[in-house]
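Q: Could you walk me through some of the labels used for this structure, and show how each one follows from its cut-off?

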Amino acid sequence: FTRQAEMIYSELKEYHQLYDIYNSYEGVDNIKTVNEQAGIAPVKVDRRIIDLLLFSEEAYETAGGKVNVAFGSVLKIWHDYREAGTEDPGRAALPGTDLLEEASGHTDIDQLIIDEQATTVYLADPKMSLDVGAVAKGYAVEQVARAAEENGFASLLISVGGNVRSIGTRDDGAVWKVGVQNPYEQGGADMTRVGLKDASLVTSGIYERYYTVDGKNYHHIIDPATLYPADYFLSVSILCPDSGLADALSTAVFNLPFEQGLALIESLPDTEAAWVFPDKQVRYSSGFQNHITD
């Protein structure tokens, strides 16, 4: 077990360093490096960065632009204001609309230039930056799970900060039982539990990263349409075989009104969702409840 766990940890660490937008690592050209070279020059990167960004472009199309890795200029503003408001709550403030709208002019995903043959990434807009937070964790978990299967893992559950991926069943043949966090009772009992077999469960919610301004909480999931935190739901959970897709969809569906999000989920094979509304109402896609277990 220790050997296998160390293998999983080691691979996840490599993905973390490659997809990091905040930190540099010796000998590693990562997403931060790409951002630093925006408008200057293409950056030769590890193939795993190319594959993530190609996947992200597909997710952008699937979700109608509601999850966009080129949205970094806007997300950085919110990140900086959230950090400042967390460090000094008495001076917590919201970013101005003008500031956000100016930044949103530099979020065109078509300005992300990927050269697969040369394995380079170039941001043609010098004010553009990548933020892969909505897809990278789930994508990395999925790739590590697939590598584990290729290495003979037959029974495994990986849990990385709201992204859960299962391989096979438990040793006793039963499905893995994974809780869906109750978004309005932090640290409380799970809202429900689902059974996983060769599947992934990813939840996006308002309870992990937020700060408070004038008594109101502002979370980290920003709607590209309004440039402010989406307020349709408390959380959205996605159940599907691919953890990367589940991660991307959890953000995209969080940013969509219920009927639009439901239509998107129902259009995708082997994909289910659960929504928790601010009034604590819970709604499910057509097949989600089939996976609920004791």
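Q: What makes Gly-162 a loop residue?
A: Gly-162 falls between two strands, β4 (156-160) and β5 (163-167). Helices (H or I, at least four residues) and strands (E, at least two) are DSSP runs, numbered from the N terminus. A word on the basis: this is a predicted model in which local features need pLDDT of at least 70 and side-chain atom pairs count only at pLDDT 80 or more, while totals for chains, interfaces and linings use all residues. Residues are numbered from 1 along each chain as its sequence is written, and side-chain values use heavy atoms, with hydrogens and water left out.

Q: Why is Gly-162 called partly exposed?
A: Buried means under 20% relative accessible area, exposed over 50%, and partly exposed in between (1.4 Å probe, protein chains only). Gly-162 has 37%, so it is partly exposed.

Q: Which residues does Gly-162 touch, leaving aside neighbours within four places in sequence?
A: Gly-162 is in contact (heavy atoms within 4.5 Å) with Leu-201, Val-202 and Thr-203. Gln-181 is 19 residues away in sequence from Gly-162, and their C-alpha atoms are 9.0 Å apart.

Q: What is notable about phi at Leu-227 and where does this residue sit?
A: Leu-227 is not a glycine, although its phi is positive, about 70°. Leu-227 sits in the loop between β10 and β11, and its relative accessibility of 7% makes it buried. Lys-280 also has a positive phi without being a glycine, at about 75°. Its loop runs between β12 (272-276) and β13 (282-284), and at 48% Lys-280 is partly exposed.

Q: How many aromatic pairs are there, and what makes two rings a pair?
A: There are eleven aromatic pairs. Rings of Phe, Tyr and Trp (its six-membered ring) pair if their centres lie within 6.5 Å; planes under 30 degrees apart are stacked, over 60 edge-to-face, and the rest tilted.

Q: Why is the pair of Trp-78 and Tyr-228 called edge-to-face?
A: The centres of Trp-78 and Tyr-228 are 5.3 Å apart and the planes meet at 80°, so the pair meets the definition and is edge-to-face. Trp-78 belongs to helix α4 (residues 72-87) and Tyr-228 to the loop between β10 (216-219) and β11 (235-240), so this pair links distant parts of the chain, 150 residues apart. Trp-78 is buried at 1%, whereas Tyr-228 is partly exposed at 22%.

Q: What makes the pair of Tyr-232 and Phe-233 tilted?
A: With 5.9 Å between centres and 45° between planes, the rings of Tyr-232 and Phe-233 pair but are neither stacked nor edge-to-face, so they count as tilted. Tyr-232 is partly exposed at 31%, while Phe-233 is buried at 3%. Both belong to one aromatic cluster, together with Phe-254, Phe-258, Trp-275 and Phe-277.

Q: How do you know that the charge of Arg-48 sits over the ring of Tyr-15?
A: A charge sits over a ring if NZ of Lys or CZ of Arg is within 6 Å of the ring centre and within 35 degrees of the ring normal. The charged end of Arg-48 sits over the ring of Tyr-15, 5.5 Å from its centre.
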